[in-house]
Structures are given as structure tokens and as C-alpha cells.
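Visitor: Hi! I'm new to this one and would love a quick tour. Can you bring it up for me?
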Amino acid sequence: MATLLLQAAPQLPTGYSLRRWAATPELNLTAVEGITQTRDGFLWLAMNHGLGRFDGNNLEVFHPGNTPGFPTGFVTSVLPARDDSLWVGTAGGGLIRHHQGRFTTFGGNEGLTNGQVKSLALDQHDRLWIATDGGGVFVRHPEGRFQFFGTNDGLPGLHTSTVLLDEQDRPVVLAKRESAWRLEGDRFVPLTIQPPPPKEASLIITRGFDGHIWLGGSHGIYRLQGREFLPWAPAQELKGEKALAAWQVASNEFWLGTDQSMIHWKDGRWAAYPTRSAISARTAGGFWIDQEHSVWFGTEGGGLIQLRPTPAFTWGIEEGLAGNEVTSVLSAQDGSLWVGTTLGLHRIDDSANRQFSAADGLPDHFVYAVQQDTTGTIWVSTRRGGLTRWDGRRFQPVPLSDSSEPIIWCLAPGAQGSIWAGTTDGAYQIRKGSVVRIVRDGLSNNDVRSIWDDGTGIVWIGTSFGLNRLDATGLTSFTSLGNLPQLEVGISLHQDRRGDLWIGTMSQGLYRYRKDGFSHLSVSNGLPSATIYSIIEDGEANLWIGTARGLLRLTPEERDAAAGGQKISPLVLGRSDGLRNEEFNGTVQPTAARDASGQLWFATAEGVASLHPNRIPKNDRNPLVRIEQLALEAPKKLESLPARHAENDVEMLLTPTRELGSTPAPAGQRRTVFSPEGVKTVLIPPGLERLDFQFVCPTFISPQDLEFRYLLEGFDNWWVEAGKRNAAYYTRVPPGRYTLRVQARTEDGIVSEPGASLEVIVTPFWWQRTEVRVLGAVLVLGCIGLLYQIRVRQLQRESDLAEEFSRQLLRSQEQERARLAGELHDGLGQELQLIRNRAELALRRHTPPADLAKELDSISLTASRAINGVRALSRGLRPPELDQLGLTQALRWLGQNVAEAYGGTLETRIDNVDKLLPQPAEVDFYRIAQEALTNSLKHSGATEITYEVDRQGDRIQLSVFDNGRGLKRDPESEAAGSGMKTMRERAAMLHGDLEVRSELGKGTRLTLKVPVVNSEAVNA
């Protein structure tokens, strides 16, 4: 069949690219029993481990382990219904209906008494016909009733494998894969096969596009006419392959499944696509042509095979070539195609695919270049054999020199029937087997990689470094091109019909030469690659250029624009267009050819690629994008989601579904996934943390190149270009009404219109509602006004208190001044006056020495009292103990003095608090301690007093306890004594907390907590 393919494929209007979707960890494919496609674009696969839904990128498999309501994993058949539901037949699980994301099972309770469903068919009256293995045939009526057909109704037995409907909507049943029956009236009647197939034959029955019924088997193909299956003539052309099934897709077009190939027959022409025996007799019935015109069929163990119409078709080893790496290609004058590979040379015509070997005089199987001169002679250069010439029977060697033969990289036709050979030692011109010219001296480099003879006496020679022009005046070399990059390797040359010379380089892109000079086209101008292997022109003056990244088409307008420095977006064909490898070959020339029909041929790294430029199919199908999943992350898992139906606008509840795959929810959040199929509006509860959408666009033409964009109206300002990511993520979407819009863009630039949309209403908490917010705003404004009034009053009180404090401070200062004045006047002043008076009296009386001594003693005593009084005044202003002893010892000395004057028990404990407070603060702290001890000593009548000073981290605490009679007045009231007020004033200046607790008959407890000011002391 490889020969059959090579004979027929050049005549087909378009080719088919074969792709095998094999089982991988990402694609859980096994035996595919049945294939169908629903209107939303998904392919549904009946497999032996579940029901598969395929979108071109991902295969989701439904089975009992992950889908509630799915009874078994062995699925035998799939059938779409007119209401967009899907009927699923299983082996042992009965019948399943899938509708809007939910599965419903039908079995014995509903009237289907046999769960071994083999095949399904839906007639024009929406009756579902069901063939079972061991249970006969059932029909489910639209109202849900099941009707049974068995042996009493004409069937030969209860084991049936297939049910189909003929052109008159009558069920045709294949029983035991050996014979067929048709329902006529209320009974099944047998259908005969002429001539009868062998007893061991295994048959497959299929339905054509017009309702005709076909039988396929290892003995041939039959078509039902009346009550007989008669042989179909084209089946005789299978040439030994065993036909397993036939699918009629048009009045003049068929697909045949054999044990070796998928064969396409149209208008009497054949093309076979080898499948490496992937088709098995049991599963050859899994066949489908999708909405994008791809042909699908399932296999047993071979996965899923897709034949997709493509502009290009690639031939390699599977199609009959000796090797996949094609080095050179030539379309000969007699219509044959010559293909050189690293493993052999082929000549292909309408009758044969001939491979040449040493027996034909070919010196080496590694072919470099194949070319034909104007006389029709074929020339071939090989890796070890140099140059040879085909004389019609054998290859004859053509030596270039008497010494060592150079490597011949390229061959090009020359004038007067000559041939040019580009070698590692210059360019040679050969005519009638003899070298007539050698171009070597003056070349920019002697390693010649490409030659173009324009027939007017000008020969262009591309070398490993630079371009050369040979004419009647001699050689001209081009290496330095002014402001353009320095020309390096020129590996391909072509002169178009306008006279422009195009130079393909190894790493610098494409150059154009006109009389006005050179222009440079690079990746920055829109070329897919800077490596240009082959250049050829089609009948419409377009240049087709083989690069390292696909096949490039440049129209004349695009060439001019790019040469002028503009950015262009040319057509580039790749793997999805039928190329098995996007890297072309071009280290030797020629690597591109154009035959008489206009078809182009290219050497690639994985076969020879063919293309008819005028027959490029375009996928203009509007991509059907849909929102697949809605995932919510919230503090708790949701049991349901309110929604509105898309068709009848009625309220409904969405229940959680299984997640197709995403990142887990963060700690503290629960993730719930819903399927919004058939929904136009969803209502999201409050407390939402994250909102995720997942969308899908089923396509099987370059699904890897599909791109998405989305817009959440009301949240996003413009479309978000997601590229190949088919998901949108939003966090903390505020309450409101939004609409998610999603569009998909195919490789051909077609954008889904209008795309998919889903209205999302995020509901607020009660306190987030508008009316509550308005009321809250009013209350807040009222509270602000009230707080303002309170604050004004508070500030007024604080101002009054500050003013009162200032007045009290002034009064206290005046009282202190008055006290000091009184003590100075009444105490110290009187004592000094007494000393003065006694001294004067003694002087005037002339007192005897004995009396004078007494006077002096009295004066000395009075002076002592005056000194003590001065000291007392000084201590009242600032205790000298603080300067002499420090705060700690001063506090301890204070306790000792009180203890000496106190008749009861005084317990004292003083921590080291030196340098914890500044000196002014030490005085206030000391005075508070002094006042507290004095009050307990003089006024409490206590028998026990506790006096403590503790250092507690960054605070100093003073505690004075007594068991006296307690205070009659509240220490916090305005009626408290002046001593208490003074202590509070001092505590305020220390930024401390003073607390006094007293209870009549139970004593008084004073506590002062003062912050440490010296930070170094705190850290000590």
C-alpha cells in the first residue's frame, strides 16, 4: 500500500495528515469502541475503562471511581441526541443518559432487562434502538417506555452486536457478527449476502451518509440493495489487504478500513494511509468525521487515529522511502519525481516507486544532489561516488579531475545542455560528460554551495563566504554589503520572474538583489527563522521558502514590504499543516521542485513534503468556546449554588461537581467546584475569597496553538490576554453584578464570536447592602457629630483641669513661699535676732568672764537651733541625702528615720533604683515616699507599716501599707487633703500611676508605679 499511496497522493486535491493519539499519562486512551461528536465540539469516546470526552488538549474520563451515577467502566457505544444529551451504552451497566453534566442510568427497573448494551441508534421519531449481547433488541420510546424484540419477533437469537437505521428509518441488526436482519412491520426478516462470506468471517456493519447499509469483512465490502448485500466493485482493488469496514461520506467518496491502512476513495481515485495494522476487526467500527473535516477511527490497543485534511503531505519510510532524511528532490521533465535520501535514491511515477542501488550503478546510497539538464539527462552526486549520469539503464561515473574528486554539494542546469557542479574546489561546468569550464580563481570562497544560471550568460555562485557573479566581464564578489550584515553562507539561490535574485543564508535570513543593490529580510521583518534552506516560486509569483521552522510563503507585496524594512505576517506552515518535521533540508541543492501540475516538493529532515499552493484548506469554523468550571474558595464548602437557566430563565440549583484539576485551596479555605453548563446567571454567596473560571474550546486542528482572552465586565477594564492558559483567577471580588466573557482564537486567527458568557452576581453580607450602608452612613455621621461634641466637652474639661492645676500649682508655690517666709521670719530670723541681741548686751555690760561664758553658751545654743532650722529648710527644698547618698540610700535613710520616730513595727525593703530616673524625678519620687510614710506615721494610728521599693523591668514601684484606722474621705475625691493632692500632682509629673486604697478600720494601701526613663538602665 505504500506504493499505492505514492502513486495516488500527488493527484489528490488535498492531503491528509495522520496523527496517532496514543495512550500517555496525560491522555488515558485504550481501546476505542465508538466515537461521536456533540454540537459543542467535544469528541466522546467509548472506551473499555470509561467514557472519554476529548477537546484536542485534554481527555476527561468518566468512570465509577470519579462519577456518581456511572455504573461501570466498560463503555461500548455513544450516541448524541437532538436535545444535546448523550446516550451511552455499557457492558453490564445498562444505558446511561448524560445531560447538562449529570448522568442518569436506565436498567431493569426502567424496563431494560439486559445491561450488556452493544450498539445504539436514534430514529426520526426520537426512538432509541438498543442492541444487547444476550438480551435481544430494545427500543426506548420518547415517553420512557422500553419495548423488547427477541426470537418471537424474528430475530435468530438474543446475541446482537450492532443496530443501524437504513434510508427508510428501519432498524437493521447485525447478529453475532455473522448475519443481518431488518425490521419490516413488526418482525425482523433476514438479509442475505451474495456471495455468502466464509463461515469464519467476522462482519462489521455501517451506515452511509444517505442511509445505505454496508458490510465489511476480511473477504470484501458489500452494499445492501433490497434484501441482499452485494459486492462493491472498488473493494476488488484492495490488492490483498483485508477490508474490515466501509464508510460512505458522500455519493462519490468512501473511507475503507483494512488491516493495513485507511483508504480514501473519491471520484475513482485512491489514497492509502498506513496505520501499522492498528485497526482490529472488533473495533474498526469506531469511525467519525468531525466538524473540522478530520477523520477519526478507534483501534484496539492502538489508541485513536486522526486523519486531518492538510495543505501539505509528508512521505517517509512508512510511505515507501528508503530513509526519512531527504537531501534532494527533482521534478523531471517526464513527470516523474526523483527523491534523494541518506539511505537511497527513488524515482516515483504513476506506475512504480523504484529505488536505485549499487546494482544500477549508484556508487553510494547517501545521495547529495539530483538534477536534470535541459536535454533531459539526470545527474546524481553521492557522498563517496562523486558525480554520476543516468543513461536510462545505469548510472555512469563522470570524473571531474584526474586527481582526487572534490565533494559535490550542488547541481544546477546550465546553458546549451550543460550542468553546473558546485564542489569543495570551485564550480565545474560539464557538457556531455566532460568538464568544459572550471571557476575557481577569484571566487570569494572555493567551497561552492549553490549555483543559479539565469540563461542569459549570468551565473550566480553562492559559497561558504559570499556571493559571486560570473558574466562575460569576469567574476564579481559580494561579501561586504554596505550597511547590511556581511554576507556569509549562500546555501540557496533563486531568481524570480521579475528578475530579483533571492539568496538564502545559513544564519542571516534572506537577501534580495536588484540592480539598485541588496535588501535584507530577517526575523525582525517576520521571517520564522534566519536559516533559509530552499526557495521556489509558484504559478502565482509567490515564493515558498523552506526554513528551520516551517514553510514560509511570501507574496510579491509581502516581499516588497519586508525588503523595505516593514514587519509582515506571512503564512507559515508547520506540523499542524501536514509537515512531520518543520526543519527543512538544504545543505545541498536542489531541495525544492515544482512539477507540471504546479505542485511543490521540498526536502525535509523527516521525509519529502508535497504542497499544492492553490489548494490550501482553511479552517473557517467558528471556534465554540464554553465556560467549563466555576470554582469558589470560601471559609466553608458550599452545598449548592443558586442559578438561572440559560434557555427558560427559571431558577435552579447547581450542585458541586468534580474538579478537572487545579491548585488546592489555601489553609482556612474550602474549594467548591460547579459546572455552569446550561446556566446564564449564578448567584455567589458572601464571604468569597477567590473566584476561578476554567474554559475550553474543542478543536482538533492545532489545538496546541489555541489562545484565549477573557473580560470580567464590571471588574476588568479591558480584555485579559491569557494566551494558552484556559483559566481566569480573581481574588476578593467585591459584591456586585459582573459578566465574564471568554473568546478563543485559532491558529488561523479566527476569533470565536460571540464567545461564551456567564453573569455572576456576588451577593453582599447584610451589612454590605446599599440600604444598610446608607443607614450606617447616617449613623456614622451622627456618631461622629456626637463624638465631636463629647470631644469638645472633654477638651474643655481638660482645659479647665489644666487651668485649675495651674492655679493649684501657683497656690502651692505661694503657700510654699509663705511657709518658707514664715519659717525664715519666725524661726531663723528670731534666732538670729536673739543671737545679735545677746552679743550686744554682753558687750555693753562688760559682763564678767564667768557670766560671759554663760552668754556665749546661750548664743551657741541659739546658733545651733538656727543652723538646724536652715538645714530643715534646705531639706524641705531638696533632700541633701539624694546628692550625698543617691536615691536608693536616701530612701533607705528615710525609712530608718521614720522607724526611729515610730513606736510600732516598720518593715522596709528597698531595691537598687539608682540612675533609673533623672534628678528632678528622683526628688518627686522621694517626696511621695516621704509624704506617704509621714501620713501613716502621724495620722493612721497603725501598729504595723510596710515600706517597699521594687524594680519591675521598666518600672519602679513604691508601696506603703499600714493597718491603721483608714481614711474617712475618699482619696479620689476633691475633698482629699492637700498632701494627697500634692502626691497626685507629683505622680502626674512622673508619668506614673498612683493608686490609694483605704477601708475604715482596715488600713491604707498606697502604690506608685513610675516608668524608668534611663533606657540603658532598663537593658542592664
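Guide: Sure! A word on labels to begin with: helices (H or I, at least four residues) and strands (E, at least two) are DSSP runs, numbered from the N terminus. Residues are numbered from 1 along each chain as its sequence is written. This is a predicted model, where local features need pLDDT of at least 70, side-chain atom pairs count only at pLDDT 80 or more, and totals for chains, interfaces and linings use all residues.

Visitor: Okay, so where is Ala 541 found?
Guide: Look at the loop between β50 (532-537) and β51 (543-547), and you'll find Ala 541 there. Ala 541 has a positive phi of about 70 degrees, although it is not a glycine.

Visitor: Is Ala 541 buried or exposed?
Guide: Ala 541 counts as buried, because its relative accessibility is 11%. Buried means under 20% relative accessible area, exposed over 50%, and partly exposed in between, with a 1.4 Å probe and protein chains only.

Visitor: What phi does Asp 126 have?
Guide: A positive one, of about 60 degrees, and Asp 126 is not a glycine either. Asp 126 lies in the loop between β10 (117-122) and β11. With 37% relative accessibility, Asp 126 counts as partly exposed.

Visitor: Changing topic: which residues does a cis peptide bond join?
Guide: One such bond joins Gln 194 and Pro 195, with omega about -10 degrees. Pro 195 is in the loop between β17 (187-193) and β18 (204-207). Another cis peptide bond joins Gln 589 and Pro 590, with omega about 10 degrees. For Pro 590, the loop is the one between β53 (571-573) and β54 (592-594).

Visitor: And how many residues does helix α8 have?
Guide: Helix α8 (residues 978-989) has 12 residues, and from first C-alpha to last it reaches 17 Å, close to the 16 Å expected. That expected span is 1.5 Å times one less than the number of residues.

Visitor: Which residues of α8 are buried?
Guide: Those are Gly 979, Met 980, Met 983, Glu 985 and Ala 987. Just after α8, His 991 takes a positive phi of about 60 degrees.

Visitor: Last thing: where is confidence lowest and where is it highest?
Guide: Here the score is pLDDT, the predictor's confidence in each residue, from 0 to 100. Confidence is lowest in helix α1 (residues 2-8), at a mean of 31, and highest in strand β11 (residues 128-132), at 97. The chain's mean pLDDT is 84, and 87% of its residues reach 70 or more.

Conventions: Heavy atoms only, no water.
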